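Colleague: Could you pick out the hairpin for me and go through it slowly? After that, carry on to whatever else you can tell me about the pocket and the helix packing.

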Amino acid sequence: MSTNKYELVNLDTGKKSTLQAMSGTVGPDCLGIAPLAKDHGIFTFDPGFMATASCESKITYIDGDAGVLLYRGYPIDQLATKSSFLEVSYLLINGELPGAKQLEQFDHSIRYHTMINESLLRFFNGFHYNAHPMAMVSAVVSSMAAFYHDSMDNNNPRHREIFAHRILAKMPTISAAAYKHMLGQPFVYPRNDQDYCANILRMFFAVPAEDYAVDPVTAQALDLLLILHADHEQNASTSTVRLAGSTGTNPYAAISAGVSALWGPAHGGANEAVLAMLEDIGTVDNIPKFLERVKDKDGHTRLMGFGHRVYKNFDPRAKIIRDMCHKVLARLGRTDNPLFELALRLEEIALKDEYFIARKLYPNVDFYSGLIYSALGIPRSMFTVMFAIARTAGWVAHWQEMIGDPAMKIGRPRQLYTGPTARDYVEIGKR
Ligand code: ACO
């Protein structure tokens, strides 16, 4: 990291400070603003963190104007075509692509950590059958902190590694248990002879009454979706994991906080909302009327799956997913998918519309992902859970990076206070 100096002078008091702008390997410089509070007694004000870098990180880089996404320097399109989700997870967490032996050991360790304690399974009985699976997953992941409380020392690198393998391995098992609970079907145990995605599909779709063969096309498509969702630098859920983790809390509790943050429709919940939106629009003829609703300043309708805080150009993941949608639907023999046709037309019309052009609103990763999940047989309420399974790799990588940094500090933002100034308590009879 190199630095440039900026002189700051308060014109009223004449007080001077030197601010340091830090340059990363690529991307905009970041100004270190600590002297503002120390020397001048002022804070910066940046609601929604529009211009604030909350940490230094070596994991993922996004150039939102150019539509670039790199995991540890590797372009997402190369990883999507050449890698696997487990290899990408290893890369995100450890910083380098694994050698053959390292990948084999990692894969083996993940396969042998997939089972969850039987008591955890009983937690699901406490939920009504129609509970949202994100609520169940968040709660059960959080309760893992109770199972791994005494055996987890955040300062111990080996403990951190075991945690990483455990949560990556168990997230699909917990997710599948939530799904089976919703269906009222018996839980299907993971199998060590199945790879990561095959295991997910078996645990979701197998029933004891008959044999289940994993469709390799479906497993491959799922693996690609997991790669595309694995990390996205300091997004809302990852920042939540970092903030919760910065207190030194048990990492399963921090991941649970990430699951909850991901659930919202402005973030990971968008994939579920896109499908609801497409069904609501119904036919191509209704697109103009729907877009009028979206553009109405007094309304609350958004074109779900469009827009992104960082991408002001195509989200590179959306392009890959759209192409994949064509291929997957063709290979699964579902080419006449009316919702996919509707999505393609909606995208085409929106991209020519002045409202979306002026605001640089493009399809994001979730515009098409729900359509693929549907084609793979995954129900809508489970879309965001699939996202959570994938993003666990990123959450773990960021938690590890933060906890392993000796300069880590608790995350503690300040505020612009606009409430009442000090006043005396008034007895209840006199109010
Ligand atoms: N539909 C219609 N208008 C939109 C949309 C949209 N999807 N997104 C942004 N805008 C408009 C806003 O109304 C605003 O217009 P204005 O300047 O006239 O007031 C302008 O574009 C800027 O929007 P902001 O909300 O300020 O942008 P922000 O960066 O805060 O929000 C977000 C980004 C939350 C993703 C937003 O684009 C959105 O709500 N999109 C739909 C939900 C979605 O797809 N989320 C998934 C994001 S990707 C992910 O998390 C996996």
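Modeller: Sure, and keep in mind that this is a predicted model. In the hairpin of strand 4 and strand 5, the residue to look at is glycine 67, which takes a positive phi near 70 degrees. There are 4 residues between the two strands. Strand 4 covers residues 60-63 and strand 5 covers residues 68-71, and they pair in the antiparallel sense over 4 bridges. If you want one facing pair to click on, try aspartate 63, which stands opposite valine 68 in strand 5.

Now for the pocket. The second largest pocket holds about 400 Å³ of space. It's lined by 17 residues, and Ala80, Thr81, Leu224, Met324 and Lys327 are the closest to its centre. Three elements give two or more residues to that lining: helix 2 (76-82), helix 9 (216-228) and helix 14 (316-331). Helix 14 supplies the largest share, with 7 residues. As for chemistry, the lining of this pocket splits into 8 nonpolar, 6 charged and 3 polar residues.

Helix 14 is worth following a bit further, since there's a packing partner to look at. Helix 14 packs with helix 15 (residues 338-351) at an angle of about 155 degrees, and their axes are 12 Å apart. Angles over 145 degrees count as roughly antiparallel, so that is how helix 14 and helix 15 are oriented to each other. If you're checking the handedness on screen, the crossing of helix 14 and helix 15 is left-handed.

How values were computed:
Residues numbered from 1 in each chain as written. Predicted model: local features only at pLDDT ≥ 70, side-chain atom pairs only at ≥ 80, totals over all residues. Heavy atoms only, no water. 1 Å grid on protein atoms, 1.4 Å probe; cavity = no way out; pocket = protein on both sides within 12 Å on 5 of 7 lines; lining within 4 Å. Points joined across faces, edges and corners; volume = space filled by probe spheres on them. Nonpolar A, V, L, I, M, F, W, Y, C, P; charged D, E, K, R; others polar. Pairing = 2+ DSSP bridges. Axes fitted to C-alpha atoms, helices over the stretch in contact; angles between N-to-C directions. Parallel < 35°, antiparallel > 145°, perpendicular 65-115°, else oblique. Left-handed = near helix turned anticlockwise from the far one by under 90°.
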